[in-house]
Structure formats: structure tokens, C-alpha cells
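Visitor: I'd love a short tour of this model, with the reasoning spelled out. Could you show me the structure to start?

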Amino acid sequence: METAALKELFIDELRDLYNAENQLIKALPKMAKAANSEELRAGFEEHLEQTKGHAQRIEQIFQTLGEKPTGKKCKAMEGLVEEGSETMNEDFAGEVKDAALIGAARRVEHYEIAAYSTVLKFAEMLGHDEAAQLLEQTLEEETETDEKLAGLVDEFTVDASSSKETEEDDEIAGENQKKSRSARA
Ligand code: FE
Ligand code: FE
């Protein structure tokens, strides 16, 4: 494998991640606002602060490389954020809404985990030890965040006797079906 080409790929993927982190810095406050539980809201706010740090770490890496981190758009993150905001606008409430938000957030974390694992490997292959260290710290925070989010869902319980809610859900489902039928017509 040619070093110059691998370095180019490394820089390209870091630029993509830099843009992804900056998209998240805009999206996370909205997710925090939409959260029902205090714990989830606080979790999003904490991850917002971490995310700012992730962007700064990438800036730091670019500084030592003598390059600029800007100039790429992460289309994958754009799509994930868009789906997340669709989720927020749906008629869910309470824990169900939180479960939906957590699902959207975990999709983001998994994307980041895959991307950071990749650039970390590249940094190691290129012998950029400092960059590798910084990327490993971020990867750890993304992994912890994903695990915390998963843990919150484990605390939810399904109330099988909530028949009133079920009737309401059926009504909403009926309405939605009508809406989608008329949208298709
Ligand atoms: Fe991040
Ligand atoms: Fe993250």
C-alpha cells in the first residue's frame, strides 16, 4: 500500500468526520430539547460537550498535518440527522418518544464508531501516534455513549395492561393510515 495515497485517504476521511461532528453539534441541542426524560436530556447535553471536543481533536490533528479540516460534507450524517428529526416530529410521546430518539442517536454513534475505528487504524498504519491517541479517546467516548443509550432503553418497561393507550394508539394508527392513503391518491 502506497503511503502517500493512504495519507490522502486518511485526511479525506477525517474531513468527512469533522463535518459530521459539526452537524451533530447543531443537532444534539434539538434532540436534548425533544427528550422526555431528564436523564436522556442530560445525556444528550453531555454528549454535545464531548462532540465539541471530538471536533477540536480533529482540528488538532490537522494542525500537526499542516492541512485544513474543512471542505467536505458528510452525506451519511446528513441523512441520519434528517431521519432523527423526522422521528422527533412523529406523534410519539413519553418513553416511546425517548426510545425513538435513542434509536436515532444510536444509529449516529454506530456510524461514528465505524468511522473512528477506520481512521484510527489508518493513523496507526501511517505511524501518526499522536493522532492515533486522540482518535482512540474519541472512539472510547462514542462507544460509551452508545452503551449508555442502550442502557436507558433497558430501563423502560412495557405496560401490557395499558389498554386505553392502545385504543388511542389504534386511533392514531388509523388516522395515519388514512393520511398515507390520501397522500398516495
Ligand atoms: Fe463524536
Ligand atoms: Fe457521538
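Visitor: Is Glu-112 buried or exposed?
Guide: Keep in mind that this is a predicted model. The relative accessibility of Glu-112 is 0%. Buried means under 20%, so Glu-112 counts as buried.

Visitor: Which residue bridges the iron ion (ligand 1) and the iron ion (ligand 2)?
Guide: The two iron ions, ligand 1 and ligand 2, lie 3.4 Å apart. The residue that bridges them belongs to helix H4 (residues 94-126). That bridging residue is Glu-112.

Visitor: Which residue coordinates the iron ion (ligand 1) through ND1?
Guide: Glu-21, Glu-112 and Glu-142 each coordinate this ion through OE, with Glu-21 listed twice, and the distances for the site run from 2.1 to 2.5 Å. In sequence, the donor residues follow the spacing E-x32-H-x57-E-x29-E. The ND1 donor sits in helix H2 (residues 38-65), 58 residues apart from Glu-112. It belongs to a residue that is buried, at 0% relative accessible area, namely His-54.

Visitor: How are H1 and H5 oriented: roughly parallel, roughly perpendicular or oblique?
Guide: The axes of H1 (residues 3-34) and H5 (residues 129-155) come within 14 Å and cross at roughly 40°. Angles under 35 degrees would count as roughly parallel, and 65 to 115 as roughly perpendicular. The crossing falls in neither range, so H1 is oblique to H5.

Visitor: How many nonpolar residues does the contact of H1 with H5 have?
Guide: From H1, Phe-10, Leu-14 and Glu-21 meet Ala-131, Leu-135, Thr-138 and Glu-142 of H5. By class, 2 of the residues are charged and 1 is polar, while the number of nonpolar ones is 4.

Notes. Residues are numbered from 1 along each chain as its sequence is written. Chains are lettered from A and ligands numbered from 1 in the order in which they are written. This is a predicted model: local features need pLDDT of at least 70, side-chain atom pairs count only at pLDDT 80 or more; totals for chains, interfaces and linings use all residues. Side-chain values use heavy atoms; hydrogens and water are left out. Axes are lines fitted to C-alpha atoms, for helices over the stretch in contact, and angles run from 0 to 180 degrees between N-to-C directions. Helices (H or I, at least four residues) and strands (E, at least two) are DSSP runs, numbered from the N terminus. Angles under 35 degrees count as roughly parallel, over 145 as roughly antiparallel, 65 to 115 as roughly perpendicular and the rest as oblique. Contact means heavy atoms within 4.5 Å. Ala, Val, Leu, Ile, Met, Phe, Trp, Tyr, Cys and Pro count as nonpolar, Asp, Glu, Lys and Arg as charged, and the others, Gly among them, as polar. Donors are N, O and S atoms within 2.8 Å of the metal (3.2 Å for Na, K and Ca); water is not among the atoms, so sites may look incomplete. Buried means under 20% relative accessible area, exposed over 50%, partly exposed in between (1.4 Å probe, protein chains only).
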